[in-house]
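Reader: Before I rely on any statement about this protein, I would like to see how each term is justified. Could you take me through them with the cut-offs in hand?

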Amino acid sequence: MTSVHPRRRIRSLPPGLGFLIAGVVAVVLFLLVMVPVPQNREALVLRMGRPVRVLNGWGDQGAGLAMRWPVLEQVVWVERRQMAVPLDAASVTTSDGQPLVVDAYAAVRVVDPARLYLALGSADHVPELLRPVLASVVQREVGRRSFAGAMALARGEGLAPLRAAFDREARVYGLAVADVRLRRLAMPEGAALEAVYARMSASREADAAAIAAQAHKDAETIRADAQALAARTYAESFGKDPQFYDFYRAMQSYDTTFAQKGSRTAIVLSPDSAYLRQFRGDSSFKPHSGE
C-alpha cells in the first residue's frame, strides 16, 4: 500500500514586508546610479580611472541629479569656488638694479577638471603647487621693470601682463587666473637697504648738480641779455641827451674816486678844481682819467 505525504505549505510574507524590501532595493539602486551634484561643486566622472565627462562644469547648468554606471564609474569632486595662492617675501631685482621684497596674491579657479586630475590628481594642494610658479612669474615680470615701474605695479597699474603670464602657466593645470595683486613691495633690510639708499642719494646729488648747472647757464644767459638791453637803453638815452651822458660819466668817476671802502687815503681838491665842476652845474665839463 502506497503512502501519501501531506502537501507542504508555502509561507507567505507578512503584508507590506515585500513592498518594504522592494523599496529598500530601489533606494539602494537609486543611490548607486544617481549622483546629486550641488551648485558649488563640479563632478568629474571617471570610468576605469579615466575622465569621461564633467557635471556642472563652468558654463554649464548641470547641478541636480545625474546618472552614472555603478562600479564602473566613480566621481571626483572639484570646488567651483576660487582658491587663493599667497606668495610671501619673494626676492626681486629690478632692471635698474634695485633689490625688492614682494608679497603677492593670486585667485584661481578650476576650469578643466579633467586636465587638473591628469596633472595633479586633485585640487587639494593647488595653492602649494602654484606658489613657486607665481614666484617665478612675479620675479620675471617685476624684474623687467625699473624701480618706478615696480612701484606702479604695487599701485595696481599695468598688472595685465603679470596676470596674463601667470594665467598661461596655470592653464597647463586646468586652472584660470581670476586676479593677481602685489600686496607689498618694499626694499630689503640691512646692508642691501643701505646700498639702495646710497645709490638713491648719489642719483639725487647728480640730479641736483645737473639742475644747478642748468640754472647757472640760464642765469648767465639772462644776465647777458639784461646787460645787452641796458647797453642799448643807455646808448639810446645818451644819444638823445649828450649832457646827461657827461653828467652820468662824471657821477661814475666820483663814485669810483671817493667811495673807496676800507681805504685811509685822503683826497684834497681845490674848490675851483675842474674835476668838481659838475657839482656847480657846469655841464661843459667832461671828466677823463688824467684829470
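Author: Accessible areas come from the Shrake-Rupley method with a 1.4 Å probe, and for residues only the protein chains shown count as cover. Computed in this way, the protein exposes about 19600 Å², of which carbon and sulfur atoms supply 58%. This is a predicted model, in which local features need pLDDT of at least 70 and side-chain atom pairs count only at pLDDT 80 or more, while totals for chains, interfaces and linings use all residues. Residues are numbered from 1 along each chain as its sequence is written, and side-chain values use heavy atoms, with hydrogens and water left out.

Reader: How do you know what confidence the model has, and which helix has the lowest mean pLDDT?

Author: The pLDDT is the predictor's confidence in each residue, from 0 to 100; the protein averages 77, and 69% of the residues score at least 70. Among the elements, which are DSSP runs numbered from the N terminus (helices H or I, at least four residues; strands E, at least two), helix H1 (residues 17–33) has the lowest mean, 64, and helix H5 (residues 160–171) the highest, 93. Over residues 285–291 the pLDDT is below 50, although this stretch has 13 contacts in the model beyond near neighbours in sequence, a contact being heavy atoms within 4.5 Å. Where pLDDT is low, the predicted coordinates should not be read in detail.

Reader: What makes arginine 41 and glutamate 79 a salt bridge?

Author: A salt bridge is a side-chain nitrogen of Lys or Arg within 4 Å of a carboxyl oxygen of Asp or Glu. The closest N and O atoms of arginine 41 and glutamate 79 are 3.9 Å apart, so the pair meets that definition. The pair links distant parts of the chain, with arginine 41 in strand S2 (residues 41–47) and glutamate 79 in strand S5 (residues 73–79), 38 residues apart. The structure holds 13 salt bridges.

Reader: Why is arginine 155 called exposed, and why is glutamate 157 only called partly exposed?

Author: Buried means under 20% relative accessible area, exposed over 50%, and partly exposed in between (1.4 Å probe, protein chains only). Arginine 155 has 56% and is therefore exposed, whereas glutamate 157, at 44%, counts as partly exposed. The side chains of these two residues, glutamate 157 and arginine 155, meet in a salt bridge at 3.5 Å, N to O. Of the 291 residues of the protein, 26% count as buried.

Reader: What makes the salt bridge of arginine 163 and aspartate 179 a tie between parts of the chain?

Author: The side chains of arginine 163 and aspartate 179 meet at 3.7 Å, N to O. Arginine 163 lies in helix H5 and aspartate 179 in strand S8 (residues 175–186), so the pair ties together parts that are 16 residues apart in sequence.

Reader: How do you know that S6 and S7 are paired?

Author: Two strands pair if DSSP finds at least two bridges between them. S6 and strand S7 (residues 99–110) have nine bridges in the antiparallel sense, so they satisfy that condition. The open sheet has three strands in the order S6-S7-S8, with antiparallel pairing. Its edge strands are strand S6 (83–93) and S8, each of which pairs on one side only.
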